[in-house]
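Colleague: Please take a close look at the charged side chains in this one: who pairs with whom, and what surrounds those pairs. Keep it informal, but walk me through the reasoning.

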Amino acid sequence: MTETAEEAQRKRDVEEEAETESSPAPQKKQNRTLTVNSLAADICAAFFASMDLDGNGFIEEQEVKIISVVAFNEGEDAASSRWQTMLNDMDENKDMKISRQEYISWWVNHTKDKTKPDGTFIEGYAAYLLKCLQRVTSVKTASEMCDAFFESMDENSDGFLVETEVKNIAKWAFGAKDDAARATWIDMIEKMDTNKDMKISREEYSNYWMSETKSKIQSDGSFINGYKTFLFSKLAKLKAGQRRQQQVKMWNKAYGETKSSSS
């Protein structure tokens with residue numbers, strides 16, 4: 001299908017914005033805040049950059065699956081389905097990864113009816129995209145990543161990590177046996193529990209985390225690419241383990257209720 005001159009120009013505009021977003025840029029560009037009135041090109045660039053966790057210019061299977069679990073709390077099957085859909089729709093050269101150009105081509109062709117003549121999206125669609133983008137970028141900085149880890153382990157959301165919670169997540173998320181789970185807790189309590197009350201507060205956890213990782217934090221507050229991808233994969237495991245644990249609790253509760261009603 002032949003592109004019109006307007007569509008071709010729009011594609012070039014989007015590509016230039018995406019290229020700028022993924023390359024070293026002036027601080028003003030990096031700090032740009034997106035709104036419903038932002039150009040479609042800017043929103044497209046932000047989506048691609050947020051999914052390209054290692055910054056290599058491609059969106060790959062691990063990255064999509066990690067984001068599916070971390071940002072959208074999807075299970076492994078749903079994450080695999082999301083990746084397969086993206087491959088089917090975007091991977092034109094069938095190399096099992098999505099390049100910036102492939103992503104942009106798909107984006108431009110499938111949002112024409114939602115784009116206004118001035119290059120911005122219609123308001124309702126722009127708001128929807130920004131909401132999705134906020135979820136994807138909710139752990140962009142080191143401090144946000146730290147909070148995400150803490151919250152994934154704090155089962156009862158009381159602001160503290162205790163032995164049972166840490167041991168549970170070690171088992172459910174990382175397959176640790178009892179001894180290894182116990183060792184994980186001992187290691188954390190020795191390193192983080194500064195007031196010796198046998199529990200770890202958010203502040204204690206954050207202070208230890210930020211101190212230990214400061215050499216890997218960039219000037220914009222985010223982690224360097226390789227370490228960021230590593231942490232995202234760990235966070236995805238944490239959230240997947242948390243999800244499995246919740247499902248088992250629900251199944252046990254349902255089984256108990258069924259058993260009680262039949263007796």
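Modeller: A quick word on vocabulary before the tour: a residue is buried if its relative accessible area is under 20%, exposed if that area is over 50%, and partly exposed in between. By that yardstick, 40% of the 263 residues in the protein chain are buried. Keep in mind that this is a predicted model.

For the backdrop, the chain has 12 helices and four strands. Take the contacts with a separation of 6 or more: 59% of them join residues 24 or more positions apart. The accessible surface is about 14,900 Å², with 51% of that belonging to carbon and sulfur atoms.

Now to the charges. Searching the whole structure turns up nine salt bridges. I'll go through three of them, starting with Arg 82 and Glu 74, whose closest N and O atoms are 2.7 Å apart. How accessible are the two partners? Arg 82 is partly exposed, at 32% relative accessibility. Glu 74 has 17%, and since the cut-off for buried is under 20%, Glu 74 falls on the buried side. So this bridge joins a partly exposed arginine to a buried glutamate.

Next up is the bridge between the side chains of Arg 202 and Asp 147, at 3.2 Å from N to O. Arg 202 belongs to helix α11 (residues 202–212) and Asp 147 to helix α8 (residues 142–153), so the contact ties together parts that lie 55 residues apart in sequence. Both ends are partly exposed: Arg 202 has a relative accessible area of 32%, and Asp 147 has 30%. There is a third player here too, as Glu 151 joins Asp 147 and Arg 202 in a network of salt bridges.

The third bridge stays inside one helix. Lys 167 pairs with Glu 163, the closest N and O atoms being 3.4 Å apart. Both sit in helix α9 (residues 163–174), four residues apart, which is about one turn. Why does that spacing suit a pairing along a helix? An α-helix has 3.6 residues a turn, so residues three or four places apart point the same way. As for cover, Lys 167 is partly exposed at 22%, and Glu 163 is partly exposed at 27%.

Let's stay with α9 for a moment. Its 12 residues should span 16 Å at 1.5 Å a residue, and the end C-alpha atoms are indeed 16 Å apart, so expectation and model agree. Along this helix, the buried residues include Glu 165, Val 166, Asn 168, Ile 169, Ala 170 and Ala 173. Just past the end of α9 comes Gly 175, with a positive phi of about 70°.

Some charges sit over aromatic rings instead. Lys 114 places its charged end over the ring of Tyr 125, 5.2 Å from the centre. Tyr 125 is itself part of an aromatic cluster with Phe 47, Phe 48, Tyr 103, Trp 107, Phe 121 and Tyr 128. Another case is Lys 216, which lies over the face of Tyr 227 at 5.0 Å from the ring centre.

That leads to the rings themselves: the whole structure holds 12 aromatic pairs. One of them joins Tyr 227 and Phe 230, with centres 5.9 Å apart and planes at 25°, so the pair counts as stacked. Tyr 227 and Phe 230 both lie in helix α12 (residues 225–262), three residues apart, again about one turn. Phe 230 is partly exposed, at 41% relative accessibility. Tyr 227 therefore has the ring of Phe 230 stacked against it and Lys 216 over its face.

Two backbone oddities to finish. Most residues other than glycine have a negative phi. Lys 94, however, is not a glycine and has a positive phi of about 55°. Lys 94 sits in the loop between α5 (76–90) and β2 (98–99), and at 60% relative accessibility it counts as exposed. Ser 157 is another residue other than glycine with a positive phi, near 55°. Ser 157 is found in the loop between α8 and β3 (160–161), and it is exposed as well, with a relative accessible area of 62%.

Note on methods
Residues numbered from 1 in each chain as written. Predicted model: local features only at pLDDT ≥ 70, side-chain atom pairs only at ≥ 80, totals over all residues. Heavy atoms only, no water. Salt bridge = Lys/Arg side-chain N within 4 Å of Asp/Glu carboxyl O. Buried < 20%, exposed > 50% of the residue type's maximum accessible area, 1.4 Å probe, protein only. Helix = DSSP H or I, 4+ residues; strand = E, 2+ residues; numbered from the N terminus. Contact = heavy atoms within 4.5 Å. Areas by Shrake-Rupley, 256 points an atom, 1.4 Å probe, with all protein chains shown as cover. Phe/Tyr/Trp six-rings, centres within 6.5 Å; stacked < 30°, edge-to-face > 60°. Lys NZ or Arg CZ within 6 Å of the ring centre and 35° of its normal. Expected span 1.5 Å × (residues − 1).
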